Structures are given as C-alpha cells and as structure tokens.
Amino acid sequence: MSEQKKHSAGERFRRWLNQDTDILEQQMIAAQMKAPAEVDPEEVEWRRQRLEEEAQEEQAVARRLEAFNEQKVPETSRFLYCCICVCICLAMIGMLLYTVTMLPKFAAEWDPTINEVPQRYIEKGLQETGAVNIVTGMILDYRAFDTLGESTVLFSAVMVVLLLLRMDAESDKYSTLAAAMRSMPHTDTFYEPKHDTILQHTAKILFPIAVLLGIYVVLNGHLSPGGGFSGGAIIGAGLVLHVTAFGFQDIRRFFTYKTYQRIVSAALLTYAVSKTYSFYTGANHLESGIPLGTPGAILSSGLILVLNICVGFIVACTVYVLYAVFRKGEV
Amino acid sequence: MTGIIQLMMLFLIGCAIAVSLTRDLLTSIIIYMCFSMVMCLVWITLESPDLAITEAAVGTAITSLLYFLTLKKIHAIDARNEMRKKDTATKEKDGGAAR
C-alpha cells in the first residue's frame with residue numbers, strides 16, 4: 001500500500017489517460033484480497049449458516065406465495081377489481097385537479113393568505129426579533145412554540161424507532177438472531193463490499209465540508225437562508241456519509257446512546273426554558289432583558305441564535321441515530 | 001426564465017408518474033431523488049432558499065437513505081436477489097414458450 005501512495009496526481013492522470021490499470025482499482029483489489037485474512041473462521045462459518053437459514057426461509061415463503069397464487073380467482077371479479085381501482089384513482093385525481101383550479105393565482109390580490117399577519121411580519125419583523133432572515137425570525141420567535149413541537153415530534157419519532165429496532169442485552173433473551181448479531185463483530189456490514197475506495201476517497205473530501213457547512217448554516221440562521229433544521233440535517237448527512245464509508249467505530253468513540261440522550265434532552269430543555277421565559281415576559285408586557293443587538297451581527301437577535309443551536313443539535317443527532325438504528329439496531 | 005420553470009415542472013410531473021410506474025424499487029427511489037433535486041431548484045426560483053436547503057438535505061439525502069436502508073433490511077437490494085430475478089425471468093420466458 002505504501003508504494004502505491006507515492007504516485008502523484010499527474011502520474012495517476014497520465015495512467016488514466018493511457019488506460020493502464022487504475023491505481024484506485026489496484027488499491028481496491030489489494031484491500032479486498034487482504035480482507036479475508038482479518039476475518040476469523042468463526043465469523044465465516046456463522047455467515048454461511050446465516051445465508052443457508054435465510055435461503056430456507058425464503059424458499060418457504062416462495063412456496064406459500066405459489067400456493068396462494070394458485071388459488072382460482074374468478075375472471076369477472078378480477079376484472080371488476082381492476083375497473084374499480086382505475087375508477088377510484090381517476091376520481092381522486094379529478095377531485096384534486098378540480099380543487100387546484102379553484103386556488104387563487106400565485107400572489108393574486110384576492111389571495112386570502114395575504115392579510116395583515118404577513119404584512120406585520122415583513123414590516124416589523126426586523127424591529128421586533130432582530131433577525132435579518134425573516135423566515136427564521138418567524139419560526140423561532142413568533143411561532144417558536146410550533147418549532148418546539150416539531151423538535152419534540154422528531155425526538156419521539158427516534159424514541160419509537162429505538163423502541164422497535166434497538167437490540168440490547170434484553171433483546172438477547174427473546175431472539176437468537178439478535179443475540180448472534182450482537183455477539184459477532186462486523187455484522188453491520190454483512191451484505192456490503194468492504195474497503196470501497198471510491199466511497200472512502202469521496203467521504204474523506206466531503207465529510208469536513210458537509211459538517212462545516214452545517215455549522216455555518218446553523219450559526220448564521222438569523223442572517224442568511226437556513227437555520228437549525230437545515231443545518232442540523234446537513235451535519236447529520238455528513239455523519240451518515242462518514243459512517244457509510246468508514247464504519248461505526250470512529251463515531252462511536254464520542255457518540256453513543258448515552259450521549260444522544262444527554263444532548264437531545266439538554267437541547268430540548270434549554271429550548272423549553274428559554275421560550276417559557278420569553279413567553280412569560282412577552283405576554284405580561286415585561287422587559288425581557290435580552291438585548292436584540294445590531295441587526296446583521298452574528299451575536300444578535302436575542303434568543304434566536306440559542307434556539308437555532310438547540311434545534312441544530314436535535315436534528316443532527318436525530319438523523320444520525322435514525323440511520324444507525326435502522327442499519328444495525330444500535331447507536 | 002419561465003421556460004426553464006415550465007420545463008422543470010414538466011420534469012417533476014414526469015418523475016412523479018415514473019415513480020409510480022417503475023417496478024424496481026431501487027429505481028423508483030433514485031427517480032424520487034431526482035424529483036427532490038429538481039424540486040430544490042424550483043424552490044430557489046420561487047425565492048425560498050430556506051426551503052431549498054432543507055429539501056436538498058432532507059428530501060434528497062436523508063429520506064432516500066432511509067428508503068435504501070429499509071430495502072436492505074427486506075433484502076430487496078441484494079446480489080442474490082438479482083440472480084433470482086434473472087432466474088424467474090428466464091423461467092417465465094421458458095414457460096411462455098411452452099404454453
């Protein structure tokens with residue numbers, strides 16, 4: 001591997017032009033050839049057994065399906081079924097299209113959504129929230145309660161996914177498959193090619209860019225397009241890319257189920273407490289005491305920056321945990 | 001500019017129809033990804049960059065990733081599956097010829 005790394009970019013390009021064997025491909029082949037030496041025979045045996053079991057299961061299902069398909073269905077009822085399907089579909093499409101024709105034209109004057117509420121947001125938004133980006137000012141100040149609800153929905157969605165799919169010491173008692181999966185290493189990459197060089201090189205370049213862009217979008221949520229939700233989603237996507245390319249061990253070093261719980265509960269609580277404070281003071285016409293700062297500065301617009309960071313944490317962790325749990329049943 | 005927007009709208013409609021008509025689940029997810037990408041451009045032309053960023057991250061990356069993972073869980077994307085599909089295809093051909 002070390003001698004292959006000496007090739008410069010120009011050399012690699014020349015070889016690619018001459019259609020010699022690609023160096024990346026060579027590395028990939030070398031890595032694939034090297035891989036079996038690391039795998040212990042026990043795991044290989046387990047894999048073989050697992051594949052056999054699965055094949056048997058699939059055959060049983062296929063037999064049942066065949067038996068089901070061989071049941072005689074009268075020709076007329078089948079025809080009727082198709083007719084009714086098409087009719088219902090066409091009726092739904094027609095209804096929806098008819099409704100669309102009755103919608104007001106985009107930005108028409110008699111559009112009922114153009115009323116005093118958006119006018120107030122546009123005219124006084126900057127003054128009252130201090131956020132240059134009116135959208136963020138709206139969702140994290142005027143309608144912050146909705147955003148708290150959205151974050152809680154995300155959190156509870158992850159909790160339910162964990163409840164359904166997580167495999168821990170408890171699940172070993174009920175499922176032999178879960179016990180086997182947990183006791184064996186590398187099971188999360190059971191069906192995947194290992195050491196995919198193209199994916200790893202791409203991830204190496206894209207991962208830092210994605211995370212940096214995400215952090216930028218979160219911190220500048222009140223100044224430029226974006227905000228906690230989009231920035232968090234970008235960070236989460238970057239983490240997922242890294243995990244797909246290099247496996248879970250890097251991220252597990254600093255991010256486990258416990259970290260997830262702590263970060264998300266802390267973020268949700270901070271959000272709830274700070275918003276409770278501002279609702280209390282705002283509803284009673286008290287001075288909130290939080291300076292709005294000069295519009296356009298990074299430290300401005302009061303609580304919005306804090307709320308953005310909270311939402312960013314929640315969304316990034318949620319995306320990563322969803323992926324990890326879906327993929328191997330553990331965070 | 002309006003020409004480009006109309007072209008994108010037509011592409012969106014084409015994608016939506018194609019998603020429902022493809023038999024292969026993997027293909028339909030990739031078409032769905034294309035739909036999200038073009039939708040992202042449409043949001044930009046409608047002057048809502050916030051939505052465009054969210055659409056790019058959530059619609060294109062995360063939703064499709066979760067779909068891919070689900071397909072993997074139910075073994076819909078699997079080398080053995082491809083082989084089996086080929087088998088059934090040849091069998092159907094043979095059966096059709098015999099009939």
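Colleague: Which of the elements of chain B has the lowest mean pLDDT, and which the highest?

Modeller: Keep in mind that this is a predicted model. Where pLDDT is low, the coordinates shouldn't be read in detail. In chain B, helix α4 (residues 79-98) sits at the bottom with a mean of 59, while helix α2 (residues 25-45) tops the elements at 91. For chain B as a whole the mean pLDDT is 81, with 77% of its residues at 70 or more.

Colleague: What ipTM and pTM does the predictor give the complex?

Modeller: You get an ipTM of 0.77 and a pTM of 0.75.

Colleague: Over to chain A. How do the axes of helix α7 and helix α13 cross?

Modeller: Packed helices are described by the angle and the distance between their axes. Here α7(A), residues 144-165, and α13(A), residues 304-328, have axes that come within 10 Å and cross at roughly 20 degrees. Angles under 35 degrees count as roughly parallel, so that's what we call α7(A) and α13(A). The crossing is left-handed.

Colleague: Which residues in α7(A) meet α13(A)?

Modeller: Among them are A:Leu154, A:Phe155 and A:Val158; the α13(A) side includes A:Ile314, A:Val315 and A:Phe326. The residues of this contact split into 15 nonpolar, three polar and no charged.

Colleague: And A:Tyr216 in helix α9 of chain A: how many other C-beta atoms lie within 10 Å?

Modeller: There are 14, so A:Tyr216 is partly exposed. Its helix, α9(A), spans residues 197-219. A:Gly226 is 10 residues from A:Tyr216 in sequence and 9.4 Å away in space, C-alpha to C-alpha.

Key. Residues numbered from 1 in each chain as written. Chains lettered and ligands numbered in written order. Predicted model: local features only at pLDDT ≥ 70, side-chain atom pairs only at ≥ 80, totals over all residues. Axes fitted to C-alpha atoms, helices over the stretch in contact; angles between N-to-C directions. Helix = DSSP H or I, 4+ residues; strand = E, 2+ residues; numbered from the N terminus. Parallel < 35°, antiparallel > 145°, perpendicular 65-115°, else oblique. Left-handed = near helix turned anticlockwise from the far one by under 90°. Contact = placed C-beta atoms within 7 Å. Nonpolar A, V, L, I, M, F, W, Y, C, P; charged D, E, K, R; others polar. Buried ≥ 20, exposed ≤ 12 C-beta atoms within 10 Å, placed from the backbone. pLDDT = per-residue confidence, 0-100.
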